[in-house]
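This report describes one protein chain for a reader who has its sequence and structure at hand. Please examine the display first and then read on.

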Amino acid sequence: MVLNTSKFQQAIETVEALSIDEQAVLLEILHKRLLQQQHEQLLQKTIAAEQDDAQENVKHDSAGDFLVEVDNFLLKIAPRSKSKKAESTF
């Protein structure tokens, strides 16, 4: 992915102009949106895999690749979930 450096730099400068609290809120929003996009991609791949399975058009390594992607997705969200869970146990 090639980014237009001037637009990217402008975005960074705009964010840096925000207060620390505003930056934290923005980061939280972006994080949630990124997780949602990843969830949607995983869902689409699941649907495609189910369709392939129904049509008996499954590759031998498809399930393993899918499980690796699921594990990677869960690892991305797990640290955040664990910290919230740890906070609530005290």
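## Charge and helices in a predicted model

On the surface, a patch of negative charge is formed where Glu-50, Asp-52, Asp-53 and Glu-56 gather. The structure is a predicted model. One member of the patch, Asp-52, lies in helix 2, which covers residues 20-54. Asp-52 is partly exposed, as its relative accessible area is 30%. Another member, Glu-56, follows helix 2 and has a positive phi, near 55°.

The overall fold can be stated briefly. The protein chain contains three helices and zero strands, and its elements run α-α-α from the N terminus on. Of its 90 residues, 6% count as buried. The accessible surface of the chain comes to about 8000 Å², and 59% of this belongs to carbon and sulfur atoms.

Helix 2 deserves a closer look. Its 35 residues, at 1.5 Å a residue, should span 51 Å. The C-alpha atoms at its ends are 51 Å apart, so the expected span and the model agree. Within helix 2, the residues Leu-35, Gln-38 and Leu-42 are buried.

The next topic is the pairing of charges. Side chains of opposite charge can pair when their charged atoms come close. The structure holds two salt bridges, and the table lists them.

| Salt bridge | N to O distance |
|---|---|
| Lys-32 with Glu-28 | 3.9 Å |
| Lys-45 with Glu-69 | 2.8 Å |

Where do Lys-32 and Glu-28 stand relative to one another in helix 2? They are four residues apart in that helix, and therefore about one helical turn separates them. Lys-32 is exposed, with a relative accessible area of 52%, because a residue counts as exposed when this value is over 50%. Glu-28, at 25% relative accessibility, counts as partly exposed.

The second salt bridge joins the side chains of Glu-69 and Lys-45. This pair links distant parts of the chain, for Glu-69 belongs to helix 3 (residues 62-88) and Lys-45 to helix 2, with the two residues 24 apart. Glu-69 counts as partly exposed at 33% relative accessibility. Lys-45 is also partly exposed, with a relative accessible area of 41%.

In summary, helix 2 contains Asp-52 of the negative patch, both residues of the bridge between Lys-32 and Glu-28, and the Lys-45 that pairs with Glu-69 of helix 3.

Notes
Residues numbered from 1 in each chain as written. Predicted model: local features only at pLDDT ≥ 70, side-chain atom pairs only at ≥ 80, totals over all residues. Heavy atoms only, no water. Patch = residues over 30% accessible without salt bridge, like charges linked within 9 Å, V, L, I, M, F, W, Y side chains within 5 Å. Areas by Shrake-Rupley, 256 points an atom, 1.4 Å probe, with all protein chains shown as cover. Salt bridge = Lys/Arg side-chain N within 4 Å of Asp/Glu carboxyl O. Lys, Arg positive; Asp, Glu negative; His and termini not counted. Charge placed at Lys NZ, Arg CZ, Asp CG, Glu CD. Buried < 20%, exposed > 50% of the residue type's maximum accessible area, 1.4 Å probe, protein only. Expected span 1.5 Å × (residues − 1).
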